[in-house]
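Here is a walk through one protein model, written for someone who has it open on screen. Take a look at the structure, then read on.

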Amino acid sequence: MRRILWEHASIPLPEFPRQHQRQYEDIGWVDARGRVLLTRRPEDVIVMVAGGLGGLHGAALHSWGTTITQTRPVRP
């Protein structure tokens, strides 16, 4: 699943504001097609499932832009 998402989840570089385009090129997230990749490698894609019959409010937040998500397991 990670590889499929990584291969298909990308955005053309020109859709980003001009001031951010160079930043994505510099960190190597732009592929040969000129598309900004979801992450640098398929192994960096985080797949998660959220929702259910829990409380009235819930959220699943991760990093965005050129930041990197930091995670750790939560044990019941």
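## Arg 33 and the other charged pairs

Arg 33 sits out in the open, with a relative accessible area of 53%. The cut-off for calling a residue exposed is over 50%, so Arg 33 makes it into that class. Its partner is Asp 31: the two form a salt bridge, with the closest N and O atoms 2.7 Å apart. Keep in mind that this is a predicted model.

How many salt bridges are there by this rule? The count comes to four. Side chains of opposite charge can pair when their charged atoms come close. One of the four is the pair Arg 22 and Asp 26, whose side chains meet at 3.0 Å, N to O. Both of these residues belong to helix H2, which covers residues 18-26, and they are four residues apart, or about one turn of the helix. Arg 22 is exposed at 57% relative accessible area, and Asp 26 is exposed too, at 55%.

Another salt bridge links Asp 44 with Arg 41, where the closest N and O atoms are 2.7 Å apart. Here the two ends are partly exposed: Asp 44 has a relative accessible area of 30%, and Arg 41 has 45%.

## Overall layout

The protein has two helices and two strands. Reading from the N terminus, the elements go α-β-α-β. Of its 76 residues, 18% count as buried.

The protein exposes about 6700 Å², and carbon and sulfur atoms supply 56% of that area. As for contacts with a separation of 6 or more, 48% come from residues 24 or more positions apart.

## The core and its rings

Which residues make up the largest nonpolar core? There are five of them: Leu 13, Phe 16, Tyr 24, Trp 29 and Val 36. Three of these names, Phe 16, Tyr 24 and Trp 29, also turn up together as one aromatic cluster.

The count of aromatic pairs by this rule is two. One of them is Phe 16 with Tyr 24, a tilted pair with 4.8 Å from centre to centre and 50° between the planes. Tilted is the label because the angle of 50° falls between the 30 and 60 degree limits. Phe 16 and Tyr 24 are both buried. For Tyr 24, which is placed in helix H2, the relative accessibility is 9%. Its C-alpha atom is 9.8 Å from that of Arg 35, a residue eleven places away along the chain.

Leaving out residues up to four places away in sequence, Phe 16 touches Ile 11, Gln 21, Tyr 24 and Val 36.

## Gln 21 in helix H2

Gln 21 is another residue of helix H2. Is it buried or exposed? Gln 21 counts as buried, because its relative accessibility of 19% is under the 20% limit.

Setting aside residues up to four places away in sequence, Gln 21 touches Leu 13, Pro 14 and Phe 16. The C-alpha atoms of Gln 21 and Val 36 are separated by 9.0 Å, with their positions 15 residues apart along the chain counted as the sequence separation.

## Gly 34 in the loop

Gly 34 is in the loop that runs between H2 and strand S2, the latter being residues 35-37. Its relative accessible area is 26%, so Gly 34 is partly exposed.

What does Gly 34 touch, not counting residues up to four places away in sequence? The list is Ile 11, Pro 12, Leu 13 and Pro 14. For Pro 12 there is also a distance: Gly 34 and Pro 12 are 22 residues apart in sequence, and their C-alpha atoms are 6.1 Å apart in space.

## A nonpolar patch on the surface

Now to the outside. Met 1, Leu 5, Leu 38 and Val 47 make a nonpolar surface patch of about 380 Å². Met 1 lies in the segment before helix H1, which covers residues 2-8. At 66% relative accessibility, Met 1 is exposed.

How values were computed:
Residues are numbered from 1 along each chain as its sequence is written. This is a predicted model: local features need pLDDT of at least 70, side-chain atom pairs count only at pLDDT 80 or more; totals for chains, interfaces and linings use all residues. Side-chain values use heavy atoms; hydrogens and water are left out. A nonpolar core is a set of buried Ala, Val, Leu, Ile, Met, Phe, Trp, Tyr and Cys residues joined through side-chain atoms within 4.5 Å. Buried means under 20% relative accessible area, exposed over 50%, partly exposed in between (1.4 Å probe, protein chains only). Contact means heavy atoms within 4.5 Å. Rings of Phe, Tyr and Trp (its six-membered ring) pair if their centres lie within 6.5 Å; planes under 30 degrees apart count as stacked, over 60 as edge-to-face and the rest as tilted. Accessible areas come from the Shrake-Rupley method with a 1.4 Å probe; for residues, only the protein chains shown count as cover. Patches are made of residues with over 30% relative accessible area and no salt bridge: like charges are joined within 9 Å, nonpolar side chains (Val, Leu, Ile, Met, Phe, Trp, Tyr) within 5 Å.
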